Amino acid sequence: MRAHVSIVLAAALVACAPPPAATSPAAAPLVGAPRSTAPASASTPTPSPNAELAALLDSEWDTWMREDPEWASRLGDLRYNDRWPDPSLAAIARRHAHDEEVLAALDRLAKLGLSPADRLNLTLFRRGYDDAHEGFVFLRHLLPMSQMEGIQTADELADELRFTTVKDFEDWLERLGAYGTYADRTIEVMREGIRQKVVHPRVIMERLPSRLRAGQVQNPTKSAFYAPFTRMPASIPAAERERLQKAARARVEDTVLPALKRLEAFLTSEYLPACTKEVGAWQLPRGDDAYAFLARHHTTTRLTPKEIHELGLSEVARIRAEMERVKETTGFRGSLKAFFTFLRKDPRFYCKTPEELFRAYVVTSKRIDPNLVKVFRTLPRQPYGVEPIPAIAAPDQTTAYYRPGAADGSRAGTYMVNLWKPEARPTWEMMALTMHEAVPGHHLQIALAMEQKDLPRFRRHAQFTAFVEGWALYSESLGDEMGLYDDPYAKFGQLAYEMWRAVRLVIDTGMHAQKWDRKRAIDYFLDNSPRQELDVVNEVDRYIAWPGQALAYKVGQLKIRALRAEATEKLGERFDLRAFHDVVLGAGAVPLDVLEENVAAWIATTR
């Protein structure tokens with residue numbers, strides 16, 4: 001799954017800073033002010049603790065939607081469909097104060113007689129606010145843009161939303177009109193980052209000016225922001241279509257394009273000169289403490305960067321031994337390094353055109369689907385599709401990512417695949433990649449969680465990275481039980497993908513805690529993986545932009561595997577893999593300690 005989804009979409013559940021507020025499209029005032037947490041008056045009947053918690057959860061959900069209107073739109077909640085988030089300093093301060101109010105309310109509720117189910121709900125709900133409060137001092141909210149996410153990717157939202165009514169188009173017009181304010185507030189925050197010396201490394205931010213220039217089209221109708229107006233439904237009268245298209249052309253030309261130009265000028269003249277030359281989080285204010293926090297936050301464990309680094313080295317050694325074994329089954333007689341070169345260069349493993357590559361992804365997806373019943377008892381109702389990553393973003397994106405469907409069912413989940421440079425996209429990685437991003441990985445897990453109507457809404461959409469990404473990595477190994485790794489090269493691809501996540505533990509901690517430089521990280525990756533250098537460079541730059549996020553995958557996978565091994569040993573013949581998967585997925589995404597408790601309870605009940 002695209003990592004910024006994990007970080008941003010879970011709002012307070014996973015944010016190191018609170019979620020952004022909505023920007024009004026006209027004068028762009030602050031919106032989404034904190035709701036009062038004052039006690040009820042004496043004449044009002046006192047609600048039960050469970051009812052009071054439920055009311056707080058509902059109120060905060062609405063606050064999250066208002067504060068992050070892009071997320072709301074993606075979920076199918078159209079109440080704030082005419083707004084952008086508000087990244088301004090004033091909004092950041094307001095949200096932080098609101099978080100403290102919510103924490104005080106949760107402290108009070110925790111002392112009351114909640115039901116066991118609601119005690120768990122409160123514990124899970126509070127984790128996000130605790131993390132937001134603890135992480136606030138590290139000022140990562142002053143980093144609203146990177147090569148992977150930020151205002152420069154806002155045009156991608158147009159491809160995710162439905163445009164069927166006049167109001168849908170009017171809402172998008174309002175967003176176009178507010179884009180200049182959105183850009184100016186982003187610049188304001190990044191200037192504060194310069195002042196506080198909280199800036200990204202130069203090597204990743206150098207990617208942004210060309211991305212911004214690519215959006216500055218000569219013809220406004222060629223802008224991705226204008227794209228919805230090129231496919232207007234016939235149900236809208238011709239005169240209305242003409243009016244809306246004319247207004248869209250004007251707003252792209254008068255607001256969006258100048259904003260992109262201002263962003264480019266700011267990055268080139270002010271931000272890039274202030275960026276750091278080194279790549280690790282250690283060089284930022286309180287950098288070591290910040291990285292230790294991010295490691296705990298993303299893994300939902302107490303593991304230190306040093307412990308994670310050692311775990312990574314151990315996993316790299318173990319997987320290399322497995323790779324040697326599978327290499328032998330292919331008949332290749334050279335060294336593992338030579339085998340990596342063979343996999344990178346032999347033309348039999350590469351498609352010749354983007355169209356051929358796309359067809360291969362679709363075929364791989366359809367091969368997996370009918371085999372899911374072998375290892376799953378419960379499957380989601382929501383379907384998923386396969387689509388190319390937009391060409392303007394593809395050069396800076398990784399191989400693929402998952403885009404969740406809308407909670408209201410109006411949009412299916414989407415497996416987004418990178419078709420840029422097909423000569424760098426080997427077919428031996430397709431099966432493992434598809435199992436991770438689509439099924440039984442992200443789509444199956446996220447769609448199932450959305451459909452758990454007995455859970456509070458925040459739990460249906462929780463994005464604890466260690467669980468979400470740990471599950472997806474664990475899912476790659478299920479190809480053995482599903483009979484999908486019948487080709488030794490595909491099996492090697494699965495090991496290559498597991499190695500990729502083991503290497504992350506070493507590289508991420510190496511750069512951010514042990515002062516590795518970028519070249520050392522790239523070289524270590526290439527020495528232990530057959531992935532193409534193009535992917536390796538993009539991956540390493542991703543870890544530079546998102547310290548700690550990449551640690552979650554392997555840590556989560558290892559926990560799920562350990563719990564499965566424990567259940568197998570304790571239950572013996574009574575162990576049912578499909579039932580185990582129901583237990584892991586049935587509570588939505590949870591921290592790893594809560595997952596351990598859930599599995600332990602299931603083992604005790606089954607025994």
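**View 1. Surroundings of Glu70 in helix H3 of the predicted model.** In this predicted model, Glu70 belongs to helix H3, which spans residues 69–75. Glu70 counts as buried because its relative accessibility is 11%, which lies under the 20% limit for that class. When neighbours within four places in sequence are set aside, the residues in contact with Glu70 are Trp84, Pro85, Leu157, Arg175 and Tyr182. Two of these partners, Trp84 and Tyr182, reappear as members of the aromatic cluster shown in the view of Phe169 and Phe229.

**View 2. Helix H7 and its bend at Ala178.** Helix H7 runs over residues 166–196 and comprises 31 residues. From its first C-alpha to its last, H7 reaches 45 Å, close to the 45 Å expected at 1.5 Å a residue, and a bend of about 40 degrees is found at Ala178. The residue that follows H7 is Lys197, with a positive phi near 60 degrees.

**View 3. The aromatic pair of Phe169 and Phe229 within an aromatic cluster.** The structure holds 35 aromatic pairs, and the one formed by Phe169 and Phe229 is tilted, with 5.3 Å from centre to centre and 55 degrees between the planes. This pair links distant parts of the chain, since Phe169 lies in helix H7 whereas Phe229 lies in the loop between helix H9 (208–215) and helix H10 (238–274), 60 residues apart. Phe169 and Phe229 are both buried. One aromatic cluster takes in these two residues together with Trp84, Phe163, Trp172, Tyr179, Tyr182, Phe225 and Tyr226.

**View 4. The largest nonpolar core and the contacts of Phe580.** The largest nonpolar core contains 174 residues, of which Trp172, Tyr179, Met205, Phe229 and Phe580 touch the most other members. Helix H19, residues 488–513, gives the most to this core, with 14 residues. Apart from this core lies another of five residues, which include Ile389, Ala393, Ala394 and Tyr401. Around Phe580, with neighbours within four places in sequence left aside, contacts are made with Tyr474, Ile560, Leu563, Arg564, Ala567, Phe575, Val599 and Trp602.

**View 5. Helix H19, with a bend at Arg504.** H19 has 26 residues and reaches 37 Å from its first C-alpha to its last, close to the 38 Å expected at 1.5 Å a residue. At Arg504, H19 bends by about 25 degrees. The helix is mostly covered, with 24 of its 26 residues buried.

**View 6. Two charged side chains placed over aromatic rings.** Arg531 lies over the face of Trp500, at 3.9 Å from the ring centre. In the second example, the charged end of Lys366 sits over the ring of Tyr384, 5.7 Å from the centre of that ring.

**View 7. Ser146 in the loop between helices H5 and H6.** Ser146 is placed in the loop between helix H5 (116–135) and helix H6 (157–160), and with a relative accessibility of 2% it therefore counts as buried. Although Ser146 and Asp541 are 395 residues apart along the chain, their C-alpha atoms are separated by 9.9 Å. Not counting residues up to four places away in sequence, Ser146 touches Gln152, His200, Met205, Leu208, Ala545 and Trp546; of these, Met205 is also one of the residues that touch the most other members of the largest nonpolar core. The loop between H5 and H6 also holds Leu139, which has a positive phi of about 60 degrees although it is not a glycine.

**View 8. Lys421, the cis peptide bond before Pro440, and helix H16.** Lys421 lies in the loop between strand S5 (413–417) and H15, and its phi is positive, about 55 degrees, although it is not a glycine. With a relative accessibility of 36%, Lys421 counts as partly exposed. Val439 and Pro440 are joined by a cis peptide bond whose omega is about 5 degrees, and Pro440 is found in the loop between helix H15 (430–437) and helix H16 (442–450). H16 is mostly covered, with nine of its nine residues buried, namely His442, His443, Leu444, Gln445, Ile446, Ala447, Leu448, Ala449 and Met450.

Key:
Residues numbered from 1 in each chain as written. Predicted model: local features only at pLDDT ≥ 70, side-chain atom pairs only at ≥ 80, totals over all residues. Heavy atoms only, no water. Core = buried A, V, L, I, M, F, W, Y, C linked by side-chain atoms within 4.5 Å. Buried < 20%, exposed > 50% of the residue type's maximum accessible area, 1.4 Å probe, protein only. Helix = DSSP H or I, 4+ residues; strand = E, 2+ residues; numbered from the N terminus. Contact = heavy atoms within 4.5 Å. Expected span 1.5 Å × (residues − 1). Bend = angle between axes of the 7 residues up to and from the residue. Phe/Tyr/Trp six-rings, centres within 6.5 Å; stacked < 30°, edge-to-face > 60°. Lys NZ or Arg CZ within 6 Å of the ring centre and 35° of its normal.
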